[in-house]
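Me: I would like to go through this structure term by term, asking what stands behind each label before I accept it.

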Amino acid sequence: MALAVVFACGLGAETDPFAQVKQMQRGVNIVGYDPIWENFAKARFQAKHFKAIHDAGLQTVRVNLQAFAHMDAANKLDPAWLKTLDWVVKNALANDLTVILDEHDFTWCANHGDACRTKMLAFWEQVAPIYKDAPDGVVFELLNEPNGQLTDAKWNALLKEALAVVRKTNPTRNVVIGPAFWNGIGHLAQMELPEDDRHIIVTVHYYLPMEFTHQGAPWSKDTVHLSGVTWGTEADKQRMVDDFAGVQAWAKAHNRPILLGEFGAYEKAPLDGRVAYTAWAARTAESLGWAWSYWQFDSDFILWDMQKDAWVEPILKALIPPAASASR
């Protein structure tokens, strides 16, 4: 099915954000660190992987777009990069997957707050009109994990500006927005959303405790030297239940649906703990009516082994119990 035909079918599409979350259900983050963006011919991620994701029982892909590096001096996006983005969107929709377009330049933005504003607004000025006629299966996410120079106050101002840019061409498309401090649950109370915009899905990310989920991770200076940290006691599970309950209380008070946009544990953690953690997070989120998106398909925290061209079965089964997969 041609992308233009898909978009034509989507004209005027509008979905309640709570209904959208029900459609999104279970997802996975994809292509954030794939050579596909530099050279399509060198892509690890192939068209067949969209089908594999769907057939495994997942309903959503969160596409991690580090687009700033593909802008020229005038902040215009590279046409080749946009062509690749179209390929991703087309294949996701063709495989009945919701596709979240996530602007993912969080590290750059943390260090260049003012310049981030310029580039982020330029990104949405270009991308939002391209997908204005896309079906509601295309969802926008303004910015992944604002942090650093994007303080609560600065992020509150910027998210409203960026959302206004999107709304010029996509007045009713659902948009994912999360709090500052890496979409942390502790900063939900500081986030300010436009009350009159009810086409917003709120996202949080969850990797607590970092001593477990990021042990041995080379980019995490506080946990890089840790190893053998376990997870799975009743106290461990209760902490997550309590943390999620706090998010749910906020969501009910503000009448906003929730997407658990990232969660998982790095490969250096013991596998049995990773499996237990992943399963508990997914089931707890589902019990609250949230959608979720595991971090990530490949690169690290992997769900798919590119060398073996196969799922990492223990993690896949933690995310999607065999009974649930068989019921599709």
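The exchange below takes up the labels one after another.

Me: Before the labels themselves, what kind of model is this?

Reply: This is a predicted model, and its protein chain has 13 helices and 10 strands.

Me: What makes the protein chain as compact as a globular protein of that length?

Reply: The radius of gyration is 19 Å, and the globule rule gives 20 Å for 328 residues, so the two values are close and the chain is as compact as a globular protein of that length. The C-alpha atoms fill a box of roughly 50 × 40 × 35 Å along the principal axes, and 55% of the 328 residues count as buried.

Me: Why is Ile100 called buried?

Reply: Buried means under 20% relative accessible area, and Ile100 has 0% relative accessibility, so it counts as buried. Ile100 has its place in strand E3, residues 98-103, and its C-alpha atom is separated by 6.3 Å from that of Val61, although the two are 39 residues apart along the chain.

Me: Why is Asp114 called exposed, and Asn255 partly exposed?

Reply: Exposed requires over 50%, and Asp114 has a relative accessible area of 61%, so Asp114 is exposed. Asn255, at 47% relative accessibility, falls between the two cut-offs and therefore counts as partly exposed. Asp114 is found in helix H6, residues 113-130, whereas Asn255 lies in the loop between helix H10 (234-254) and strand E7 (258-263).

Me: How do you know that the buried residues of helix H3 line one face?

Reply: The buried residues of H3, which spans residues 47-56, are His49, Phe50, Ala52, Ile53 and Ala56. Seen down the axis of H3, these buried residues fall within an arc of 165°, so they line one face of the helix. The general background is that an α-helix has 3.6 residues a turn, so residues three or four places apart point the same way. Just after H3, Gly57 takes a positive phi of about 110°.

Me: Why is the link of Cys109 and Cys116 called a disulfide?

Reply: The cut-off is a pair of cysteine sulfur atoms within 2.5 Å, and the S to S distance of Cys109 and Cys116 is 2.0 Å, so the pair qualifies. By this rule the count comes to 1 disulfide. With 75° about the S-S bond, the link is right-handed, and both Cys109 and Cys116 are buried.

Me: What makes the backbone at Asn183 and at Pro209 worth a remark?

Reply: Most residues other than glycine have a negative phi, and most peptide bonds are trans. Asn183, however, has a phi near 55°, a positive value in a residue other than glycine; Asn183 lies in helix H8 and is buried, with a relative accessible area of 0%. The peptide bond from Leu208 to Pro209 is cis, with omega near -5°, and Pro209 is placed in the loop between E6 and helix H9 (210-213). A cis peptide bond also joins Trp295 and Gln296, where omega is about 0°.

Me: Which residues are the closest to the centre of the largest pocket, and what classes make up its lining?

Reply: About 870 Å³ of space lies in the largest pocket. Of the 26 residues that line the pocket, the closest to its centre are Glu145, Trp182, Tyr207, Met210 and His214. By class, the lining has 12 nonpolar, 9 polar and 5 charged residues. Helix H8 (180-183) and strand E6 (200-206) each supply at least two residues of that lining.

Terms used
Residues numbered from 1 in each chain as written. Predicted model: local features only at pLDDT ≥ 70, side-chain atom pairs only at ≥ 80, totals over all residues. Heavy atoms only, no water. Buried < 20%, exposed > 50% of the residue type's maximum accessible area, 1.4 Å probe, protein only. Helix = DSSP H or I, 4+ residues; strand = E, 2+ residues; numbered from the N terminus. Arc of directions from axis to C-beta. 1 Å grid on protein atoms, 1.4 Å probe; cavity = no way out; pocket = protein on both sides within 12 Å on 5 of 7 lines; lining within 4 Å. Points joined across faces, edges and corners; volume = space filled by probe spheres on them. Nonpolar A, V, L, I, M, F, W, Y, C, P; charged D, E, K, R; others polar. Rg over C-alpha atoms; globule rule 2.2 N^0.38 Å.
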